[in-house]
Amino acid sequence: MAKTIAVLSQKGGTGKTTTVRTLADVLRRSGVRTLAVDLDPQGNLSDYFDLPTDVEPTIADVLAGRSSAADAIHDDIIPANLSLAEAELMLGGKMGRELTLRRALAKLNSDYEVILIDCPPSLGLLTINALVAAEHALITAEAQYFALQGVEQAMEVVELARDSLNPQLSLLGVLLNLADMRTVHSREALASLKERFGDDVFDSVIRSSIAYAESAERARSILDHRPDLGADYLALAAELLSRLGGLEQASARVAQLAQSATT
């Protein structure tokens with residue numbers, strides 16, 4: 001059965017999509033069968049994987065019942081585009097609307113070991129669908145003044161989904177993204193998160209760099225574009241696999257990749 005992880009944030013600009021893209025890369029290179037699901041109408045994850053904007057079918061077709069999830073997979077990605085915004089409106093008037101994605105992905109559980117869902121940068125119906133479909137939630141936060149407030153808001157949505165719709169949902173962790181740990185501001189943001197959420201905060205911190213935008217523009221993994229920055233995600237993947245459990249061979253392979261990146 002696939003381990004499904006919803007990656008979310010309270011707002012855009014927290015490096016969430018880069019996190020999904022790079023974690024998918026690391027896991028695949030570690031031998032883990034990984035599906036990425038773009039649940040953001042902006043389609044940034046799909047662009048990052050260099051899928052054409054007119055690719056069909058998409059996650060919108062899946063949610064609307066026009067396609068199965070299996071038929072919407074393109075190179076281990078279920079893509080999205082602006083048609084997803086229309087599909088979200090359609091979901092609003094549908095019975096059992098919060099369960100739509102869960103039902104669609106349930107048929108893929110034997111095909112993949114990990115499913116990563118890139119949620120939209122808002123805490124609406126699409127994000128609720130992701131949290132109901134997932135076993136785990138990973139919250140990303142930008143290293144800035146309102147980081148704690150944003151994580152608390154995302155945590156409230158996670159707790160709402162768990163209490164009312166998905167009791168199996170658990171918090172995988174909180175990730176500090178786009179951080180410059182040379183600055184007092186970033187160090188204080190990390191300290192406030194750790195003070196509030198303790199061990200739920202990943203030890204790994206993702207450094208800020210213009211290289212992420214460059215790698216997205218070129219549809220090239222940061223692991224290849226800037227291996228020195230990719231090392232942050234190798235460390236994160238090692239933590240993530242440790243928290244997930246059951247993927248020991250992948251953990252060993254991630255350690256090998258990390259060692260290769262430093263030599």
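P57 sits in the loop between α2 (44–48) and α3 (59–63), and that makes a handy doorway into this structure. What you're looking at is a predicted model. The protein chain folds into twelve helices and seven strands. Let's start with the bend at P57, then zoom out and come back in.

**Odd spots in the backbone**

- A quick rule first: most residues other than glycine have a negative phi, and most peptide bonds are trans.
- The bond between E56 and P57 is a cis peptide bond, with omega at about -10°.
- D76 has a phi near 65°, which is positive even though the residue is something other than glycine.
- You'll find D76 in the loop between α3 and β3.
- Is D76 buried or exposed? With a relative accessible area of 32%, D76 counts as partly exposed, because that value falls between the 20% limit for buried and the 50% limit for exposed.
- A219 is not a glycine either, yet its phi is positive, at about 55°.
- The home of A219 is the loop between α9 (211–217) and α10 (222–225).
- A219 has 18% relative accessibility, so it counts as buried; the cut-off is under 20%.

**The whole chain**

- How does the radius of gyration fit a compact globule? For 263 residues, such a globule would come out near 18 Å, and the protein chain has 17 Å, so the two agree.
- If you boxed up the C-alpha atoms along the principal axes, you'd need roughly 50 × 35 × 35 Å.
- Of the 263 residues in the protein chain, 53% are buried.
- Take the contacts with a separation of 6 or more: 77% of them are between residues 24 or more positions apart.
- The accessible surface adds up to about 11,500 Å², and carbon and sulfur atoms own 49% of it.
- On the charge side, there are 24 positive and 36 negative side chains. The centres of these two sets lie 2 Å apart.

**The sheet**

- Here's some background: strands of a sheet pair through backbone hydrogen bonds, either parallel or antiparallel.
- In this model, seven strands form an open sheet with parallel pairing, in the order β3-β2-β4-β1-β5-β6-β7.
- Which strands are at the edges? They are β3 (77–78) and β7 (201–207), each of which pairs on one side only.
- Five bridges link β2 (residues 34–38) with β4 (residues 114–118), and the two pair in the parallel sense.
- Within that pair, T34 faces V114 of β4.
- Strand β5 (residues 136–142) runs parallel to β6, and seven bridges join them.
- One bridge to look for there pairs L138 with G173 in β6.
- How well covered is β6 (residues 170–179)? Mostly: eight of its ten residues are buried.

**T19, a residue in a helix**

- T19 belongs to helix α1 (residues 16–29).
- With a relative accessible area of 0%, T19 is buried.
- Setting aside residues up to four places away in sequence, T19 touches T140, L175, N177, Y233 and L236.
- Among those partners, T140 falls in β5 (residues 136–142), while L175 and N177 fall in β6 (residues 170–179).

**V32 and G43, two loop residues**

- V32 is in the loop between α1 and β2.
- Its relative accessible area is 4%, so V32 is buried.
- Not counting neighbours within four places in sequence, V32 makes contact with L27, E113, V114 and A250.
- V114 is also the residue that stands opposite T34.
- V32 and A147 are 115 residues apart along the chain, and their C-alpha atoms are separated by 31 Å.
- G43 is in the loop between β2 and α2.
- Where does G43 land on the buried-to-exposed scale? At 3% relative accessibility, G43 counts as buried.
- Leaving out residues up to four places away in sequence, G43 touches D38 and A80.
- G43 and P120 are 77 residues apart along the chain, with 9.3 Å between their C-alpha atoms.

How values were computed. Residues numbered from 1 in each chain as written. Predicted model: local features only at pLDDT ≥ 70, side-chain atom pairs only at ≥ 80, totals over all residues. Heavy atoms only, no water. Helix = DSSP H or I, 4+ residues; strand = E, 2+ residues; numbered from the N terminus. Rg over C-alpha atoms; globule rule 2.2 N^0.38 Å. Buried < 20%, exposed > 50% of the residue type's maximum accessible area, 1.4 Å probe, protein only. Contact = heavy atoms within 4.5 Å. Areas by Shrake-Rupley, 256 points an atom, 1.4 Å probe, with all protein chains shown as cover. Lys, Arg positive; Asp, Glu negative; His and termini not counted. Charge placed at Lys NZ, Arg CZ, Asp CG, Glu CD. Pairing = 2+ DSSP bridges.
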